[in-house]
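Please open the structure in your viewer, with the selection panel within reach. The stops below are meant to be taken in order, one selection at a time.

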Amino acid sequence: MSAAHAGGATVAELRRVSVVLGRGEGRVAALNRIDLQVAEGQILAVVGESGAGKSTLARSFLRLVAPEGGAVLLEGADITAMPERRLRRLRGRMTMVFRSPGDVLNPRMTARELIEEPLRLHAPRGTDRRAEVDAVATRLGLTPAELVLRPGELSPSRMQLVGLGRAIVTKPRLLVLDEPSRDLDAAAAADLLALLAGLREDGMAIVVTSDDIANVQPVADRIAVLYLGEVVEEGATADLLRDPLHPYTQSMLSAHLPADPSRRGRRIRLRGDPPQPEDRTPGCGFAPRCPIAESRCRSGAPTPNQVGTDRRVACLRVLEGTSRIPLSR
Ligand code: SF4
């Protein structure tokens, strides 16, 4: 289990969650024994390359995929095996902003209708839905003129805001966003981060995925690094950026955020392409690309080790203090 978080109560939790996707001979392990939790008023960023399992992990928090093993909890209640009929009642308390909102928003509905729709399903009788939509639109900076437009008439960044409006209009306890910055320009992405920071102040627990750590680290309280369906490192953002301990985190940060001046300008280049789950070899999943892999790494799979009080790292060398890639390499 992940380390206790400072701050509010845990809102959502994945406990040793494993997910297998596909059928028959095409079955692949998409997630392997994931332990993660997010607390009220906290933003957890999940970062990793394409194929790491970010979308599956995001959906697992809302039980939009059924885990093969482990448990999914929302506000302490185990929802792993909850029937869909009962889950539906919780859908206003845990919401998601999907990747590429243009693919999921009904093209025939206006922005106002799209934002209002979840209220029809989840708001108490007597709710002034029009006023609620107006309040959300004001918060997001959507104008009255935009509220009468349909998705096809909006830019990708405004469409993203409509998706976010749908997700927050029911005032959820858990908000999950899957690569929300992917189709946004730099200014729109920065605006989105500011909105997320505001929602955190309201006490929302937020999970956001990204393939680029630089896109999410400005607002993340904690970062989980995902590689081949496993969390290889997880910790408080400032600690993880200051001293990344897993070799994969080190390579990722060397490409984006050379926080340590002694490493500035030095990029750790990995061998090979990002792997897909079906390419997994025995032992440590990162071994084929790890610059400091040893023979034991190809036979023994590391499990997450607690390092200090608040970090977990899945590397066979971390407890020996030898998981940092030497600068001379
Ligand atoms: S266990 Fe071995 S291969 Fe895996 S990250 Fe650590 S050093 Fe690299």
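What follows is a short tour of a predicted model, going from its enclosed spaces to a few single residues.

**The cavities**

Begin with the whole structure, where a search finds three cavities of 30 Å³ or more. The largest cavity holds about 100 Å³ of space, and to bring it into view you can select C284, C290, C297, C315 and L316, which are the closest to its centre among the 13 residues that line it. If you then colour this lining by class, you should find eleven nonpolar residues, one polar residue and one charged residue.

**The ligand**

Keep the view where it is and show the ligand, for the space that it takes is the largest cavity. Which residues surround the ligand? Select H246, P247, C284, F286, A287 and C290, and then add I292, A293, C297, C315, L316 and R317, and you have the shell around the ligand. By class, this shell divides into ten nonpolar residues, one polar and one charged.

**The second largest cavity**

Next, turn to the second largest cavity, which has a volume of about 60 Å³. To outline this cavity, select Y227, E230, V232, H246 and R280, followed by C284, G285, F286, P302 and A314, which together line it. The lining of the second largest cavity is made up of six nonpolar, two polar and two charged residues.

**A side chain in helix α6**

Now leave the cavities and select Q160, whose place is in helix α6, covering residues 156-168. Is Q160 buried or exposed? Q160 counts as buried because its relative accessibility is 5%, where the cut-off for buried is under 20%. With P180 also shown, look for a polar atom of the Q160 side chain, which lies 2.7 Å from the backbone oxygen of P180.

**Two residues with positive phi**

From P180, move to E179, which is found in the loop between β7 (174-177) and α7 (186-201). The phi of E179 is near 45°, a positive value in a residue other than glycine. E179 has a relative accessible area of 8%, and it is therefore classed as buried.

For the last stop, select R16 in strand β1, which takes in residues 10-21. Here too phi is positive in a residue other than glycine, and for R16 the value is near 50°. R16 is described as partly exposed because its relative accessible area is 46%, and that class lies between the limits of 20% and 50%.

Definitions and conventions. Residues numbered from 1 in each chain as written. Predicted model: local features only at pLDDT ≥ 70, side-chain atom pairs only at ≥ 80, totals over all residues. Heavy atoms only, no water. 1 Å grid on protein atoms, 1.4 Å probe; cavity = no way out; pocket = protein on both sides within 12 Å on 5 of 7 lines; lining within 4 Å. Points joined across faces, edges and corners; volume = space filled by probe spheres on them. Nonpolar A, V, L, I, M, F, W, Y, C, P; charged D, E, K, R; others polar. Near = heavy atom within 4 Å. Sits in = over half its atoms within 2 Å of the grid points. Helix = DSSP H or I, 4+ residues; strand = E, 2+ residues; numbered from the N terminus. Buried < 20%, exposed > 50% of the residue type's maximum accessible area, 1.4 Å probe, protein only. Polar contact = N/O pair within 3.5 Å; in protein donor to acceptor, adjacent residues only side chain to side chain.
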